[in-house]
Amino acid sequence: MSAETASSNGIQIHHTRRLPDFLQSVNLKYVKLGYHYLVSHLLTLCLVPLVAVIIVQASQLNPDDVHQLWLHLQYNLVTVVIVSVVLVFGSTAYIMTRPRSVYLLDYSCYRPPSHLQVKFQQFMEHSKLTGDFDDSSLEFQRKILERSGLGEETYVPEAMHYIPPRPSMIAAREESEQVMFGALDNLFANTNVKPKDIGILIVNCSLFNPTPSLSAMIVNKYKLRGNILSFNLGGMGCSAGVIAIDLAKDMLQVHRNTCAVVVSTENITQNWYFGNKKSMLIPNCLFRVGGAAVLLSNKPSDRRRAKYKLVHVVRTHCGADDKAFRCVYQEQDGAGKTGVSLSKDLMAIAGGALKRNITTLGPLVLPISEQLLFFTTLVAKKLLNTKVKPYIPDFKLAFDHFCIHAGGRAVIDELEKNLQLLPVHVEASRMTLHRFGNTSSSSIWYELAYTEAKGRIRKRNRVWQIAFGSGFKCNSAVWEALRNVKPSPNSPWEDSIHRYPVQILS
């Protein structure tokens, strides 16, 4: 219910002394908030009277009572020693085995140079001049662009600006170097971290995996130390950025006092489709140049300068189902031209993956009040066979900000509808899609950068990053802000945040 409705339903003041009609004046929204507050603080509300009773009883003790208690402890010295030893060893074991906190010191998103921008008209003219697309395919691409939610300032690689395009291995390497090194240079400059201090390096790129690997290119460029633990994740789609974060988290649990760098990118140069199969033309219209570099640390001393703390990572893989496995599939068409095909079942499969993911994530993040409501409706539906409408948990009570993978307009629309989000909750995703297009696994970082640039991140705010990718996978990462977060220098939105949000035509 909107704020306008809430204010109009407020308690009416009359000239008579009669009590107002609370059944009509109390807004259900506030009843739910009151229920949420009561259940969430139930333990505290129960403990307060108990603590009060203990304090009252302790205050009534006289010196003789204290002396008698001391004598009792002396006569039971063995018990006291055993309890003390158990407490000491238990505390030590807990401290030694508890998971190490993972802090996000900073991250950097690559903003390509302006000469790589492509407008709709330029995109269509170049597509026509290549001579690879028939009239039907050109019209299909035009319609996809118009409905995509992309703006006129997205970027395509240098090789795609030539007529005819020049998708070579050299050009693909140059694209990867520009994106990765551009993001890393800015990250190291903003954090004053020396490359030699990096102990773990993880790079994810789905469609471009040369030899030597992309991670080796970074090691060579920045002369990273010889014992660095480097990983290169390939073929894992747009959700691989969260997978890389999860891998970094696991590595930071094992290796003490070290930093990890995660680089998430995609390569377009050698993966542009030059055929006429409709399902394989969609990626041409949506995917654009972009990448992000993230600096993580498990050093307790880094907490004071960190932006966020990693709270949860939940990964869901639906690859055992054949339809899910093939819904995003790289293949050759009938003419032997390679591209990525998107199935018409993609949205339904994504919805199923999301449902499975939030089923695991919900108990970890939702307040107990929401879990009780969900459990109650589930029991009523299963046991009583009543036509009870399934209760959709209110994730707005668990998270303050949402970074939904900007995979396309339909993806954002569906999550906004199914999770019952407000337009402000999906604003970062829509504006990222408009300004930068689908940058694959790095899109969730452009979205977080947008929220920071708007000055919306406050201390203790929780951020939910949701990503979907081939396989089919749905992955979530939850972060908690450790302070009021300001955008870092050279933010990708630095030159354009004043123009956003913009109105996107239907």
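## Strand β1 and its partners

Asp106 of β1 has Leu295 as its bridge partner in β5. This pairing belongs to a predicted model. Six bridges link β1 and β5, and the sense is antiparallel. Strand β1 also pairs with β6, again antiparallel, over two bridges. There, Leu104 is matched with Tyr308 of β6.

Strand β1 spans residues 103-109 and is mostly covered. Seven of its seven residues are buried.

## The nine-stranded sheet

These strands belong to an open sheet of nine. Its order is β3-β2-β4-β5-β1-β6-β11-β10-β9, and the pairing is mixed. Strands β3 (229-233) and β9 (401-404) form the edges, each pairing on one side only. On average, neighbouring strands are turned by 20° against each other, direction ignored. Strands of a sheet pair through backbone hydrogen bonds, in a parallel or an antiparallel sense.

At the β9 edge, the partner is β10 (residues 462-469). The two run parallel and are joined by four bridges. Ile404 has Ile466 in β10 as its bridge partner.

## A helix across the sheet

Helix α11 covers residues 240-254. It lies across β2 (198-204), β3, β4 (259-265), β5 (291-297), β6 (308-317), β10 and β11 (473-481). Relative to β2, helix α11 runs at about 160°.

## Asn461, just before β10

Where does Asn461 sit? Its place is in the loop between α18 (443-453) and β10. Asn461 counts as buried because its relative accessibility is 13%, under the 20% cut-off.

Leaving aside residues up to four places away in sequence, Asn461 touches Asp400, His401, Arg456, Trp479, Glu480 and Ala481. Its side chain also reaches the backbone nitrogen of Arg458 at 2.9 Å. Val485 is 24 residues from Asn461 in sequence, and their C-alpha atoms are 9.9 Å apart.

## Cysteines

How many disulfides does the model contain? The count comes to zero. Cys327 is in no disulfide: the nearest cysteine sulfur, that of Cys318, is 8.9 Å away. A disulfide would need the two sulfur atoms within 2.5 Å.

Cys327 is buried, with a relative accessible area of 0%. Cys403 is also buried, and its relative accessible area is 0%.

Note on methods:
Residues numbered from 1 in each chain as written. Predicted model: local features only at pLDDT ≥ 70, side-chain atom pairs only at ≥ 80, totals over all residues. Heavy atoms only, no water. Pairing = 2+ DSSP bridges. Axes fitted to C-alpha atoms, helices over the stretch in contact; angles between N-to-C directions. Contact = heavy atoms within 4.5 Å. Buried < 20%, exposed > 50% of the residue type's maximum accessible area, 1.4 Å probe, protein only. Polar contact = N/O pair within 3.5 Å; in protein donor to acceptor, adjacent residues only side chain to side chain.
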